[in-house]
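Thank you all for coming. I would like to walk you through a structure that may be new to most of you, and I will take it piece by piece.

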Amino acid sequence: MMARFSFSWDKGVGLFLIIAVVLGSLLSDNFANASNLSFVLRDVTEFAIIALAMTFLIISGEIDLSVASTLNLSSASLGFLYRAGAPFEVAIVGGLLVGLACGLFNGWLVTKLGLPSLAVTIATLALYRGLSYALLGNQPVNQLPEFWISIGYGRIPGTFLPWSTILLVLLAALAWFILHNTRYGRWTFAIGVNQEAARFSGIPVERTKLMLFAMTGLMSGVAGVVYTLRFASSSPDGAVGYELSVIAAVLFGGVSIAGGIGTMWGVLAAVLSLGVIRSALQLAGFTANSLLIVSGGLLLISVVAPKITEGLRSRAFVRSKVNTNKTIREVGNE
Amino acid sequence: MKAMRSLLKARELPVFLALVLVVGLTGVANPTFLSATGARDILLGVAIVAILAIGQTFVIVMRHIDLSVGSLVGFASFLIGDLYSQGYGLWGGLAAALGVGVLVGGVNGFLVAYLKLPSLVVTLGALYVVRGIFNDYAFGRTITAAMVPPEVAWIGLNRIGGIPVLFLMGLVLVVVSGFIMRRVRSARDLYAIGSNPAAAELAGIPVARRVFTAFVINGAIAGLAGAVMLGRFNAANANSGLAIELVVIAACVVGGVTIAGGSGSVWGAFLGAILLQGITRAIGALGIPQFWQQAFNGGLIILAIAFDKYLSTRVKTTTIMGSDDG
Amino acid sequence: MGPIKSTVTVPVLTMEHVAKSFGGVTALVDASLSLYAGEIHALLGENGAGKSTLLKTLAGVHKADSGEISLEGKPFIQGGTRESIEQGVAVIYQEPSLFPDLTLAENVFIGRHLLKAGLVDWSEMEERSVALFERLGVTLDPQSKARGISIADQQIVEIAKALSTDARVIVMDEPTAALSSKEVERLFTVVRNLREQGSAVVFVSHRLDEVFVLCDRMTVMRDGSTVGVSMISETSEPEVVKMMVGREVSELFPKLEPQIGDVVLQVKSLSLAGQFADISFDVRAGEIFALAGLVGSGRSEIIRALFGIDLYDSGTVTLAGKLLPAGKPAVSMERGIALVPEDRRQQGLFMATSIARNVAVTMLKKLTSGFRVKRLDEESTARTWAETLQLKFASLSDPVERLSGGNQQKVVLGKWLATEPTVLIVDEPTRGIDVGTKAEVHRLLSQKAQQGMAVIMVSSELPEVLGMADRVFVMREGRHQGTLERVDATPERIITLATGGTVSV
């Protein structure tokens with residue numbers, strides 16, 4: 001079944017992750033220590049959080065290119081509110097709500113107005129980033145409370161894990177559970193495979209898609225808060241180009257751009273792999289560009305490889321069908 | 001010409017009207033907007049996006065997309081200046097720019113047409129890879145005005161009959177490609193491929209060949225547009241062309257070239273580019289703080305997409321009650 | 001029905017001993033077909049018999065593994081679709097393959113635009129297409145886009161396309177499936193015209209009554225081989241069925257003794273502008289209630305609105321005494337209505353997904369405990385229904401696209417029967433299904449009705465309606481024309497009502 005195939009893909013990505021870690025350690029002595037691993041985890045957290053929601057969205061057959069701008073707008077809203085005098089906790093909630101609103105707006109445009117998500121989120125990408133500029137002008141907000149910054153940047157005492165990793169693990173577990181073990185996850189897959197049949201099967205298509213967009217917006221908002229705390233700054237020009245990295249990670253994780261296929265494990269392994277590779281390359285002295293090239297290459301592999309394995313699998317099935325003719329049950333006759 | 005006019009009547013008219021509206025209203029509020037310099041500013045600013053949008057139209061009409069054009073045009077503009085300054089002359093630089101465009105377009109085209117990979121993913125990967133290679137190539141260096149070939153500088157600075165040469169190049173391209181898309185048989189296939197890919201195969205259209213060729217041509221256009229970019233800015237660096245592909249796609253969509261493929265024209269894309277640029281300038285001319293500009297652009301594109309959808313659903317409902325029996 | 005006009009003894013097309021396999025699956029074993037100019041030739045066979053593969057080989061979509069094909073005395077070049085078209089083969093597929101964004105004129109000449117001085121000559125193409133449309137007895141605007149025109153008109157455009165290529169062989173695959181009887185008549189006239197002009201027409205259809213009216217000769221295929229060729233006038237429907245199925249098929253419509261109970265569904269004054277107006281009926285437990293009428297009379301629209309896929313403007317639907325909210329399929333499902341849709345590929349199934357998941361998709365709420373969907377329960381539900389329906393399959397985790405049409409329909413039935421509905425709505429339940437499975441489906445519906453389920457059946461096949469229904473609700477152009485009890489239902493009465501006349505009972 002399709003799930004079985006993607007399971008092999010995400011086993012492959014898991015393997016890739018392990019190999020990447022091993023290679024990284026070989027490439028540089030500075031790789032495998034606590035401080036660097038902590039850095040890698042912190043580096044991927046925002047991507048990973050957004051990728052969790054983006055996985056659902058792409059499986060359902062949609063896409064959201066505005067996530068980086070939403071992240072940024074949430075961050076900008078946080079800074080704006082704080083600078084205007086609100087308590088930091090309130091500002092955080094404000095940032096999250098803004099993220100949710102951005103997602104809902106995207107979802108409304110796609111489900112209620114019926115606009116294609118690719119085109120529409122290219123537009124909201126500009127709109128949301130523009131609003132960040134409108135909110136903050138050219139002035140980033142840099143004076144953030146110590147307590148929160150230390151959470152954003154620091155580690156859990158006694159370990160190399162950043163605080164934000166707890167958040168990531170919780171969200172990832174939740175996302176995995178929903179996608180693979182609840183009917184909402186089944187609905188997501190069904191909508192991605194055949195939206196019309198989903199509707200005819202009683203699945204609330206519009207409502208589900210609206211929720212998925214809203215979730216993506218909210219997760220981008222969460223990522224925005226994490227980002228702000230990590231960099232201790234809220235500014236209008238952060239996270240440029242993040243959306244492509246998120247999509248690249250999701251696709252490399254085995255989610256098909258056509259919808260209907262994918263697993264959460266694969267996406268997580270892919271995000272971690274990208275973080276590991278980035279770190280390994282940096283430590284080994286490669287420029288940041290190498291990561292770009294590698295991301296592009298991985299993206300291409302992520303689409304070429306399934307084509308090849310699909311071809312092999314269908315040939316294998318055909319061979320097995322001939323052998324199992326004796327197990328095919330005969331039509332009864334009356 | 002009659003065919004041309006009926007085309008305009010269908011999809012491109014709203015864009016044109018919107019453009020007239022924007023220019024008109026802004027001109028009323030701020031007369032300098034309508035001055036010769038005001039108009040020239042718009043035309044100058046639009047050239048690169050307009051040219052790229054024309055090429056992108058070939059791809060979108062087939063229900064594909066090419067996200068790599070930003071990296072390509074930036075790389076190309078850098079190459080032209082770089083090779084010129086190293087003694088290879090204008091033609092050396094152009095050849096390199098064209099070569100890179102054709103190569104990347106060819107790889108994209110091969111992966112999409114023959115391996116049947118989704119173009120969104122392929123060109124996204126190409127965007128990364130080309131930008132990465134470009135960054136390495138251009139590491140830390142800049143192309144300064146002194147390194148720009150005089151011919152390129154010329155087209156950037158001069159006007160013919162008051163109209164910037166850069167814009168005229170775009171105009172020539174749209175006239176030629178508009179004609180080709182309408183009157184050349186193999187170009188018509190692009191529309192068929194986007195309108196019903198399965199039927200196109202059954203109708204005997206060499207789909208893979210057409211898709212491949214369209215990507216190569218788009219790549220070539222992006223490469224040559226590097227000259228336009230270099231002429232416009234008189235400089236280039238590793239950030240040239242960053243994120244321009246989104247503006248290009250927006251121009252196409254605004255201009256009636258639907259993402260779903262099968263319809264739209266290069267004229268529409270051209271007008272869409274002018275409209276977007278016009279709005280950018282209008283925002284400035286109306287005294288709206290520049291910070292709102294991007295937001296406005298985004299909002300406008302949403303409106304354009306929604307209106308485009310509205311137009312196409314209207315066509316569907318007026319004809320759906322066609323069948324009747326008794 | 002006219003005689004074969006030509007006296008030529010050499011066929012215009014011969015396909016002999018064609019074999020074709022895909023990987024390990026054999027589609028054609030020993031298939032043959034010969035066509036003469038100026039005949040209408042029926043190609044018959046159950047789903048999976050190989051008709052489609054044989055025709056696709058002719059169309060250039062596939063290359064035969066072995067066998068000889070010659071066209072007009074010359075060996076047929078198996079290159080691709082372009083080569084087939086150039087050699088004079090035109091295929092009109094079941095799903096018309098027009099380009100919605102292009103004009104009708106361009107659709108006719110697609111891929112072979114008329115040129116003047118090397119450039120596309122639009123006015124010439126428009127003139128020629130108008131001439132072709134007129135030759136086929138239709139007025140269509142060559143400049144209008146193909147999007148939104150009726151299926152019947154789409155077929156005309158396809159035929160015009162075939163004529164413009166000077167096709168020697170024209171293949172029509174299930175052309176009447178979605179046509180009203182008036183449109184079918186128009187099509188038959190067109191096809192007879194093509195015959196007079198010397199074309200060889202291959203007519204593929206499951207509707208034997210049409211075949212016997214229209215065609216001159218026939219070829220029957222079964223399990224990848226040709227098993228019989230004969231003149232239509234020298235055979236009969238039961239004989240043909242026997243050849244197609246390989247065995248006697250006795251009871252095609254095994255109607256069981258109905259036990260009709262109380263009213264379970266009440267539809268009052270349901271209206272949707274442009275689709276149907278003021279529709280009222282009641283359905284009782286245990287009865288099979290058929291909605292009959294010509295294609296386009298609004299029946300599918302009514303049941304879609306009833307179930308909640310579409311909204312309606314006014315009226316009410318009451319199920320078991322409680323009002324059913326409009327536009328909420330999930331609620332309808334929960335309250336006990338099931339809808340087996342018209343188009344099983346597009347609306348009924350998730351083709352790339354496993355059989356198990358397809359069957360279980362309507363049961364997800366019931367299979368959930370504490371948020372978790374139990375995979376084992378999904379599979380056992382699917383297994384139970386596969387057994388009940390005698391589904392022919394290899395493994396429950398195979399994607400449904402690997403099943404035959406009849407088995408796919410069983411999966412759709414299974415997924416809805418699993419919800420144990422009070423009211424089961426089936427829309428064209430046996431369309432495109434082989435004769436054997438057809439009988440099974442009918443038997444199943446009868447059984448369910450006898451067990452107390454209310455069945456609403458939309459069908460365009462009169463024999464099916466007459467054989468199954470307890471009451472027939474006849475519609476025309478969105479309005480109710482009359483209701484006939486089983487004892488009073490005759491083909492003449494139904495057709496009269498469906499075409500606007502009145503009957504006295």
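I will go from the contact between two chains, through some helix packing, to the domains of a third chain and a single proline.

Please keep in mind throughout that what you see is a predicted model.

Let me begin where chain A and chain B meet, a contact that takes 36 residues from chain B and 39 residues from chain A. On the side of chain B that touches chain A, the elements that give two or more residues are helix 4, residues 119–137, helix 10, residues 244–254, and helix 12, residues 293–320, all of chain B. Of these, helix 4 of chain B gives the most, with 13 residues. If we sort the residues on that side of chain B by class, we find 25 nonpolar, eight polar and three charged.

Within this part of the talk, one helix pair deserves a slower look, namely helix 5 of chain A, residues 117–136, and helix 10 of chain B, whose axes come within 10 Å and cross at roughly 125°. An angle from 115 to 145 degrees falls outside the parallel, antiparallel and perpendicular ranges, and the two helices are therefore oblique to each other. Helix 5 of chain A passes helix 10 of chain B in a left-handed crossing. The residues that make the contact are A:Ala119, A:Ile122, A:Ala123 and A:Leu125 on the one helix, and B:Leu246, B:Ile249, B:Ala250 and B:Val253 on the other. That contact divides into eight nonpolar residues, no polar ones and no charged ones.

Now let us stay inside chain A and follow helix 3, residues 67–83, which comes within 7 Å of helix 10 of chain A, residues 205–231, axis to axis, with a crossing angle of roughly 55°. That angle makes helix 3 of chain A oblique to helix 10 of chain A, and the crossing is right-handed. Among the residues that meet here are A:Ser74, A:Ser75 and A:Gly79 from helix 3 of chain A, and A:Gly217, A:Ser220 and A:Gly221 from helix 10 of chain A. By class, this contact has six nonpolar, 11 polar and no charged residues.

Helix 3 of chain A also packs against helix 11 of chain A, residues 242–252, at an angle of about 125° and with the axes 7 Å apart, which again makes the pair oblique. In this case A:Val67, A:Ala68 and A:Leu71 meet A:Tyr242, A:Glu243 and A:Val246, and the contact has five nonpolar, no polar and one charged residues.

Turning to chain C, the domain assignment gives domain 1, residues 13–245, and domain 2, residues 263–498. Their C-alpha centres lie 32 Å apart, and 12 residues of domain 1 are in contact with 12 residues of domain 2. On the side of domain 1 that touches domain 2, helix 8 of chain C, residues 237–245, gives the most, with three residues.

Finally, where in chain C does C:Pro100 sit? C:Pro100 lies in the loop between strand 6, residues 89–92, and helix 3 of chain C, residues 104–108. With 18 other C-beta atoms within 10 Å, C:Pro100 is partly exposed. Leaving aside its neighbours within four places in sequence, C:Pro100 is in contact with B:Ser195 and B:Asn196, as well as with C:Lys145, C:Ala146 and C:Arg147.

Note on methods. Residues are numbered from 1 along each chain as its sequence is written. Chains are lettered from A and ligands numbered from 1 in the order in which they are written. This is a predicted model: local features need pLDDT of at least 70, side-chain atom pairs count only at pLDDT 80 or more; totals for chains, interfaces and linings use all residues. Two residues are in contact if their C-beta atoms, placed from the backbone, lie within 7 Å. Helices (H or I, at least four residues) and strands (E, at least two) are DSSP runs, numbered from the N terminus. Ala, Val, Leu, Ile, Met, Phe, Trp, Tyr, Cys and Pro count as nonpolar, Asp, Glu, Lys and Arg as charged, and the others, Gly among them, as polar. Axes are lines fitted to C-alpha atoms, for helices over the stretch in contact, and angles run from 0 to 180 degrees between N-to-C directions. Angles under 35 degrees count as roughly parallel, over 145 as roughly antiparallel, 65 to 115 as roughly perpendicular and the rest as oblique. A crossing is left-handed if the near helix is turned anticlockwise from the far one by less than a right angle, and right-handed if clockwise. Domain bounds come from an automatic or database domain assignment. A residue is buried if 20 or more other C-beta atoms lie within 10 Å of its own, exposed if 12 or fewer, and partly exposed in between; C-beta atoms are placed from the backbone.
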